[in-house]
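Dear colleague,

Please find below the structure that I am handing over to you, followed by an account of what was found in it.

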Amino acid sequence: MMRSRHTLAQLALDLLLIGLAWWGAFWLRFNLDLPTDYAELAWQAQAVPLAAYALALVALRVDRHVWRYASLSELRQLARALALGGALAAAGVLMLRLPQFPRAVLLIHPLLVVVLLAGARALARSLAERDAGAGAGAGGAAAAGRRLLVVGTLQEAAEALRAIKGSQHWRAVGIVSPLPQEVGRSLQGLTVVATPDSLAEAAQDHGAQAALVASSPGAPQRREVMLQAADAGLTLLTLPRADAWLQADPSAASGPRRVALEDLLGRTPVQLDVAGLAEMISGQTVLVTGAGGSIGSELCRQIARLGAARLVCVDVSEYAIYALEQELREAHPQLQGVYYTANVREAERLRAIFQRHAPSVAFHAAAYKHVPLMEQLNEVEALRTNVLGTLNAARVAGECGVRRFVMISTDKAVNPTNIMGASKRLAELVVQAVAAENSGTQYVSVRFGNVLGSSGSVVPLFTSQIAKGGPVTVTHPDIVRYFMTIPEAAQLVLQAGLMGSSGQIFVLDMGEPVKILDLARMIIRLSGKTEEEIPITFSGLRPGEKLYEELLADDETTEPTPHPKLRVARVSGLQSLDLVAVQGWIDTAGPAPEAGAVRAWLMSRVPEYAAR
């Protein structure tokens, strides 16, 4: 393979330095007074170390390094090449059997080679960084970048500084560490100036306008550090997670970004069985009901990235399915997407879609999920979509030979106190009953809590209220909920679908519950406002609403799975369900059954349901 002029020039300079080191070793051996006869020995043997080191540098591809970007990785590779070159040079010189050759030279020379070659690379990088800094400074203060403080331990700050090195938009002026013992120490020319509780004063002293939170998701004190930075009135930044580089637009994850609410939750990235998921999805036909919703659309994105041959998207909303079609066509032009406006309550329509495309995997995300809406005036609609729709989808999947069927459930199905939760618990029982009738299909359900940013959730509501100037309304000061991000929920649903055995109910690890009051305060601070500017008011619990949600019912236990964020719920004494009777009652309930009759019927099918 031909080498560029730049590569040949670097190799030539390396060999020049190796030659200088050779003569330097002789001069040092004789205390800077080299006798003539030993100078002749040096001339006679000089070609050997040059050839040996040249061979080692080329063999280990050190000659292809770019010196101005030299890092520890390149230096380690250089050290291996020099060790090999030194050994070859020593062996070659000894084989010449030169009389009275000073063998100490064979020890001194490699040391000088290491110093000169490593020093040349360090000098090249230092000059390049100096030139980059001078270039930024030449454009004035704006070109030099906005001043920021890096918030994190020295180890975390080191990684963050590498990520923003050379940035023309941001310039680090100090480090704020949560460890008091690190205050006063320095890293890459920056001093640890304070701990987070003194962040405001440190920012004022150093003229910083932003704080880069360097700690990784899930790290201890991350949320507290972020809130302290928000209290200081600084623009909050963080670095993109590693998995952000794998998204459809990697350029969006190329540097520091503003902190989002997801960062404050401090959840670690999901570890997926990529090989197993690829085997389940890649090259297959996959169907998703409720594909236009928050979870359904994210499932479609993840499935498209996993290489599905055909993705069948079903949703009752024309606009939602249109928007999904436009997004997937642009992001995944190679994907064969099929888009249906269809209602899961219509069994024949579902059957026609399943029969036409014969999916191997189906994800059932279609559901009504808004608790207050389903609690009053719309009780029968919850039954028709959440129960009857699930029954239709599960039965058709079994009839059409689907290998895996995954239903999206909710933490509100545990000891439900509202119509929505009770209907989803009944839907779980429906899936288990259908699983008993169809041994060829693996049926699983997946429970998880609230999803940040999903339609109808508190985050869009709070954001809208803040945009209008407040107040932000919270139902109760003590109400708590479990939260996870939409991508995390979708990924764990996929993982559960891969791992599950038929009839199982998976419970996702939702982490620690979050007080809705704290969530409201976080969103206010992230918007750049204070609680004095945007007040918080309490409206009282809504019908059917609990202060806290549970992920497991009282008569259930969980068993661990190979995945740390997934557990299997085991129900003692599996309840039998007459599917014909369930369907018959819903079909004959009429357009507007009495709310009391709906609740009484649900209680007869879901004993743990306690209406409020």
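Trp 23 is a buried residue, with a relative accessible area of 18%. The cut-off for that class is under 20%. Please bear in mind throughout that this is a predicted model. The whole structure holds seven aromatic pairs, and Trp 23 forms one of them with Trp 43. The geometry of this pair is edge-to-face, with 5.0 Å from centre to centre and 65° between the planes. Trp 23 belongs to helix α1 (residues 5-29) and Trp 43 to helix α2 (residues 36-45), so the contact ties together parts that are 20 residues apart in sequence. Unlike the buried Trp 23, Trp 43 is exposed, at a relative accessible area of 58%.

A further pair is made by Trp 585 and Trp 601, and it counts as stacked because the ring centres are 4.6 Å apart and the planes lie at 10°. Here helix α21 (residues 579-588) supplies Trp 585 and helix α22 (residues 595-605) supplies Trp 601, so parts 16 residues apart in sequence are tied together. Trp 585 is partly exposed, at 25% relative accessibility, whereas Trp 601 is buried, at 7%.

Trp 22, Phe 26 and Phe 101 form one aromatic cluster. In addition, the charged end of Arg 29 sits over the ring of Phe 30, at 4.7 Å from the centre of that ring.

Trp 22 also appears in the lining of the largest cavity. The structure holds one cavity of 30 Å³ or more, and the space in the largest cavity is about 40 Å³. Along with Trp 22, the residues that line it are Tyr 53, Gly 86, Ala 89, Ala 90, Val 105, Leu 106, His 109 and Pro 110. Two elements, α4 (72-96) and α5 (105-138), give two or more residues each to this lining. The largest share, four residues, comes from α5. By class, seven of the lining residues are nonpolar and two are polar, while no charged residue takes part.

As to the cysteines, a search of the whole structure finds zero disulfides. Cys 313 has its nearest cysteine sulfur, that of Cys 300, at 3.8 Å. Because a disulfide requires the two sulfur atoms to lie within 2.5 Å, Cys 313 is in no disulfide. Its relative accessibility is 0%, so Cys 313 counts as buried.

Several points concern the backbone and the loops. Gly 470 and Pro 471 are joined by a cis peptide bond, with omega at about 0°. Pro 471 is found in the loop between α18 (458-467) and β15 (472-474).

Leu 32 is not a glycine, yet its phi is positive, at about 65°. This residue lies in the loop between α1 and α2 and is exposed, with a relative accessible area of 59%. Arg 97, likewise not a glycine, has a positive phi of about 55°. Its place is in the loop between α4 and α5, and Arg 97 is exposed, with a relative accessible area of 74%.

Finally, Ala 366 is in the loop between β11 (361-364) and α15 (371-375). Ala 366 is buried, with a relative accessible area of 13%. A distance of 7.8 Å separates its C-alpha atom from that of Gly 293, a residue 73 positions away along the chain.

Yours sincerely,

A colleague

Note on methods: Residues are numbered from 1 along each chain as its sequence is written. This is a predicted model: local features need pLDDT of at least 70, side-chain atom pairs count only at pLDDT 80 or more; totals for chains, interfaces and linings use all residues. Side-chain values use heavy atoms; hydrogens and water are left out. On a 1 Å grid over the protein atoms alone, a cavity is a set of points where a 1.4 Å probe fits but cannot get out, and a pocket is an open set with protein on both sides within 12 Å along at least five of seven lines; lining residues have an atom within 4 Å of a point. Grid points are joined across faces, edges and corners, and a volume is the space filled by probe spheres set on the points. Ala, Val, Leu, Ile, Met, Phe, Trp, Tyr, Cys and Pro count as nonpolar, Asp, Glu, Lys and Arg as charged, and the others, Gly among them, as polar. Buried means under 20% relative accessible area, exposed over 50%, partly exposed in between (1.4 Å probe, protein chains only). Rings of Phe, Tyr and Trp (its six-membered ring) pair if their centres lie within 6.5 Å; planes under 30 degrees apart count as stacked, over 60 as edge-to-face and the rest as tilted. A charge sits over a ring if NZ of Lys or CZ of Arg is within 6 Å of the ring centre and within 35 degrees of the ring normal.
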